[in-house]
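Please look over the chain shown here before reading the notes on its fold, its cores and its charged pairs. The points are grouped by topic, so that each can be followed in the structure itself.

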Amino acid sequence: MNNNVEDNPLDLVGEEVESNKLDIVFEDDFIMAVNKPNEMLSTPGRHQEYSVYTIIKERYPSATGPLLVHRLDMSTSGVLLIAKDKDSHQILQEQFINRTVEKRYTALLEGLFDNREEKGVIDLPLALDYLNRPMQKVDYNEGKAAQTFYEVVETDLDKNRTRVHFYPKTGRTHQLRVHAAHEQGLNIPIVGDDIYGQRDERLHLHADFIEFLHPVTNKTMTFS
């Protein structure tokens, strides 16, 4: 089954992306797929209760389990999966753990590739930088494995920017942001990354594709 996520906000030029809107891309008795706007939390934070979780919990107060199958950073927009019961959640979680879920992100980078390979893999272990929370750092001793495949989609010579697709094989905090910005990665930060690059109107990172098996029907589900 193929369902379309709303227009990629990274393609919207001169238009404001709504930050308080939660679009439902797909829904049945067992799962939901929503399009999370940027600057909305996936789950409640210490200082902010409003999140995808609280919206869904309010809509379905009798739903069981953790609801959210995975998370997106607050600044990242895109498709997010929700399970309405514990069994469905467990089955989907196992797919993420076994890395059988296919995911793709589109990002706009603040620079050009020059002599770098336009397709490849970034393999840099990540750990929390305790002295600079919430920053993550490359750490070959204590870091957890983090691997990202990438490919160049478009180069804008006039604006000195590059559009890429990221295919993360692991799901570490800030993985794509660090792998883009770090000198051992692409060494080009994502546009609008106020932690690893420079502030802009938003972080230009969007989760625009996901494919997995439905927890009940076992059919292939694709949102793009």
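What follows is a briefing on the overall form of the chain, its nonpolar cores, one hairpin, its salt bridges and one strand residue.

The model is predicted, and the chain in it has three helices and 12 strands. Buried residues make up 47% of the 224 residues, and the C-alpha trace spans about 50 × 45 × 40 Å along its principal axes.

**Overall form**

- The chain has a radius of gyration of 17 Å, which agrees with the value near 17 Å that a compact globule of 224 residues would have.
- Among the contacts with a separation of 6 or more, 59% are between residues 24 or more positions apart in the chain.
- About 12200 Å² of the chain is exposed, and carbon and sulfur atoms supply 44% of that area.

**The nonpolar cores**

- In soluble globular proteins, nonpolar side chains tend to be buried together.
- The largest nonpolar core in this model has 36 residues, and those with the most contacts inside it are Val 52, Ile 82, Leu 109, Phe 113, Phe 166, Ile 190 and Leu 205.
- Two or more residues of this core come from each of the strands E3 (31-36), E4 (77-83), E5 (102-109), E9 (147-156), E10 (161-168) and E11, and likewise from each of the helices H1 (52-59) and H3 (175-181).
- Helix H3 gives the largest share of this core, with four residues.
- Ile 190 shows how such a core residue is surrounded: leaving aside neighbours within four places in sequence, Ile 190 is in contact with Ala 107, Leu 108, Leu 109, Phe 166, Leu 176, Arg 177, Ala 180, Leu 203, His 204 and Leu 205.
- A second, separate core has 15 residues, including Phe 96, Val 101, Phe 212 and Phe 223.

**A buried glutamine in helix H2**

- Gln 95 is placed in helix H2, which covers residues 86-97.
- Is Gln 95 buried or exposed? Its relative accessibility is 10%, and because the limit for a buried residue is under 20%, Gln 95 counts as buried.
- Not counting residues up to four places away in sequence, Gln 95 touches Thr 100, Val 101, Phe 212 and Leu 213; of these, Val 101 and Phe 212 are included in the second core.

**The hairpin of E11 and E12**

- Strand E11 (residues 205-213) and strand E12 (residues 220-223) run antiparallel and are joined by four bridges.
- Ile 210 stands opposite Phe 223 in E12, and Phe 223 is also one of the residues of the second core.
- Six residues lie between E11 and E12 in this hairpin, and in the turn Asn 218 has a positive phi of about 65 degrees.

**Salt bridges**

- Side chains of opposite charge can pair when their charged atoms come close.
- The count of salt bridges in the model comes to 11.
- One of them joins the side chains of Asp 200 and Arg 161 at 3.4 Å, N to O. Asp 200 lies in the loop between H3 and E11 whereas Arg 161 lies in strand E10, so this pair ties together parts that are 39 residues apart in sequence.
- Asp 200 counts as partly exposed, with a relative accessibility of 30%.
- Another salt bridge is formed by the side chains of Asp 193 and Arg 177 at 2.8 Å, N to O. Asp 193 is in the loop between H3 and E11 and Arg 177 is in helix H3, so that 16 residues separate the two in sequence, and both residues are buried.
- The side chains of Arg 199 and Asp 194 also meet in a salt bridge, at 3.5 Å, N to O. Arg 199 counts as exposed at 67% relative accessibility, while Asp 194 is partly exposed at 39%.
- Through salt bridges that share partners, Arg 177, Asp 193, Asp 194 and Arg 199 are joined into one network.

**Lys 137 in strand E8**

- Lys 137 is found in strand E8, residues 136-138, and is partly exposed with a relative accessible area of 33%.
- Which residues does Lys 137 touch, not counting those up to four places away in sequence? They are Pro 125, Leu 126, Ala 127, Leu 128 and Asp 129.
- Lys 137 and Arg 104 are 33 residues apart in sequence, and their C-alpha atoms are 23 Å apart in space.

Note on methods. Residues are numbered from 1 along each chain as its sequence is written. This is a predicted model: local features need pLDDT of at least 70, side-chain atom pairs count only at pLDDT 80 or more; totals for chains, interfaces and linings use all residues. Side-chain values use heavy atoms; hydrogens and water are left out. Two strands pair if DSSP finds at least two bridges between them. A nonpolar core is a set of buried Ala, Val, Leu, Ile, Met, Phe, Trp, Tyr and Cys residues joined through side-chain atoms within 4.5 Å. Buried means under 20% relative accessible area, exposed over 50%, partly exposed in between (1.4 Å probe, protein chains only). Contact means heavy atoms within 4.5 Å. A salt bridge is a side-chain nitrogen of Lys or Arg within 4 Å of a carboxyl oxygen of Asp or Glu. The radius of gyration is taken over C-alpha atoms; the globule rule is 2.2 Å times the number of residues to the power 0.38. Accessible areas come from the Shrake-Rupley method with a 1.4 Å probe; for residues, only the protein chains shown count as cover.
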